[in-house]
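Subject: Structure handover

Hi there,

Here is the structure I promised to pass on to you. My notes on what I found follow underneath, so please have a look whenever you get a moment.

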Amino acid sequence: MSDPVVQVVGIEKSFRSGEKVIEVLRGVDLSLHPGESISIRGESGSGKTTFVHILAGLEGFDSGELCWRGKPVKGRRRASLARDRAGFLGMVFQSFYLIPEMNALDNVLMAGRMVGRLDNTARKRARELMDRVGLGERTDHLPSQLSGGEKQRVAVARALMNRPAVILADEPTGNLDEITGNRMMDLLLSICREHGASLVLVTHNKSHAKRTDREVVLKLGRFESPEAPPG
Ligand SMILES: Nc1ncnc2c1ncn2[C@@H]1O[C@H](COP(=O)(O)OP(=O)(O)OP(=O)(O)O)[C@@H](O)[C@H]1O
Ligand SMILES: [Mg+2]
């Protein structure tokens, strides 16, 4: 099998607030191969967002190892990490993080700017992606003029802008109705097929989780296989 694009081994992570220590991850392993999709479910507060932030190199961890394309991430300089991340990872955050002063199209183009692409080809791609998320007519709207689900779709378009090798999507269908959510899953999975990208999908939706190659459940700080359905 090809080498993993992202690999974590024995990741442990706790948060301290005052006297209290919250142990969130207690030894998590994951090897994500090119073109592979995986879904992560788990109760609210089980550590899914913490885990994807760690994968993205945005959150530190206490022990274990994280590698992108075989290269350890820990200890690397922030600027070089940010540059690598922009070309390698597309991230859909649970709380979108759109730039409020920029219209939807510019928010998508922002990802291109991070890797020095702001030419007409980049503009064309940003428009195409806005079409594919069903917002081709809303490119000049500010985030404040968009609904929660629309903002989420802009965030997905932005994550796909640089044809990332790895897409990390934290509940990308959380604010969408069933039909729009299914369409979003179609889009993410077809983008993965088109570019050979890998997908880490955090979701509470079992039928979306089933569409990925592999399902895990985060429970008590570790990954478990989902329970087999009765019968
Ligand atoms: N910066 C922080 N400081 C202290 N505790 C934190 C911090 N960030 C997260 N936590 C705690 O870590 C735990 C895991 O949080 P996380 O956001 O990863 O959960 P989640 O599985 O994504 O939940 P949800 O399904 O609600 O999005 C929670 O108990 C949360 O309160
Ligand atoms: Mg979360």
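**What I found**

K124 counts as exposed, at 56% relative accessibility (exposed means over 50% relative accessible area, buried under 20% and partly exposed in between, with a 1.4 Å probe and protein chains only). The residue sits in helix 4, residues 120-132 (helices are DSSP runs of H or I with at least four residues, strands are E runs of at least two, and both are numbered from the N terminus). The C-alpha atom of K124 is separated by 9.8 Å from that of L109, 15 residues apart along the chain.

Before going on, a word on conventions: this is a predicted model, where local features need pLDDT of at least 70, side-chain atom pairs count only at pLDDT 80 or more, and totals for chains, interfaces and linings use all residues. Residues are numbered from 1 along each chain as its sequence is written, chains are lettered from A and ligands numbered from 1 in the order in which they are written, and side-chain values use heavy atoms, with hydrogens and water left out.

**The ligand site**

You will probably want to start with ligand 1. It is surrounded by 14 residues, and the closest are S44, G45, K48, T49 and T50 (a residue is near a molecule or strand if one of its heavy atoms lies within 4 Å of it). Three contacts to oxygen atoms of the ligand are worth a look (a polar contact is a pair of N or O atoms within 3.5 Å; within protein, one must be able to donate a hydrogen and the other to accept it, and residues adjacent in sequence count only if both atoms are side-chain atoms):

- S44 places a polar side-chain atom 2.6 Å from an oxygen atom of ligand 1.
- G45 uses a backbone N or O atom, 2.8 Å from an oxygen atom of ligand 1.
- K48 has a polar side-chain atom 2.7 Å from an oxygen atom of ligand 1.

The protein buries 64% of the 640 Å² that ligand 1 exposes when taken alone (accessible areas come from the Shrake-Rupley method with a 1.4 Å probe, and for residues only the protein chains shown count as cover).

By class, the shell around ligand 1 has 8 polar, 3 nonpolar and 3 charged residues (Ala, Val, Leu, Ile, Met, Phe, Trp, Tyr, Cys and Pro count as nonpolar, Asp, Glu, Lys and Arg as charged, and the others, Gly among them, as polar). Strand 2 (20-32) and helix 1 (48-55) each supply at least two residues of this shell, and the largest share, 3 residues, comes from helix 1.

Helix 1 is largely enclosed by the rest of the structure, because 7 of its 8 residues are buried. Those buried residues are K48, T50, F51, V52, H53, I54 and L55. After helix 1 comes G57, with a positive phi near 70°.

**The sheet**

Strand 2 also belongs to an open sheet of 4 strands in the order 2-1-4-5, with antiparallel pairing (two strands pair if DSSP finds at least two bridges between them). Its edge strands are strand 2 and strand 5 (71-72), each pairing on one side only. Strand 1 (residues 6-17) and strand 2 pair over 10 bridges in the antiparallel sense, and V8 has L30 in strand 2 as its bridge partner. The hairpin of these two strands has 2 residues between them, and G18 there takes a positive phi near 65°. Strand 1 also pairs with strand 4 (residues 63-68) in the antiparallel sense, over 5 bridges; here Q7 has C67 as its bridge partner.

**Two buried residues and two backbone details**

Where does the side chain of N107 reach? It reaches the backbone nitrogen of I99, at 2.7 Å. N107 is in helix 3 and counts as buried, at 0% relative accessibility. Leaving aside neighbours within four places in sequence, N107 is in contact with L98, I99, M102, P143, V154 and R158 (contact means heavy atoms within 4.5 Å).

S37 is in strand 3, residues 37-41, and is buried with a relative accessible area of 5%. With the same neighbours within four places left aside, S37 is in contact with L189, L199, T212, D213 and R214.

As for the backbone, Y97 is a residue other than glycine with a positive phi, near 55°; Y97 lies in the loop between strand 6 (89-92) and helix 3 (104-114). L220 is not a glycine either, yet has a positive phi of about 50°. L220 lies in the loop between strand 9 (214-219) and strand 10 (222-224) and is exposed, with a relative accessible area of 71%.

Best wishes
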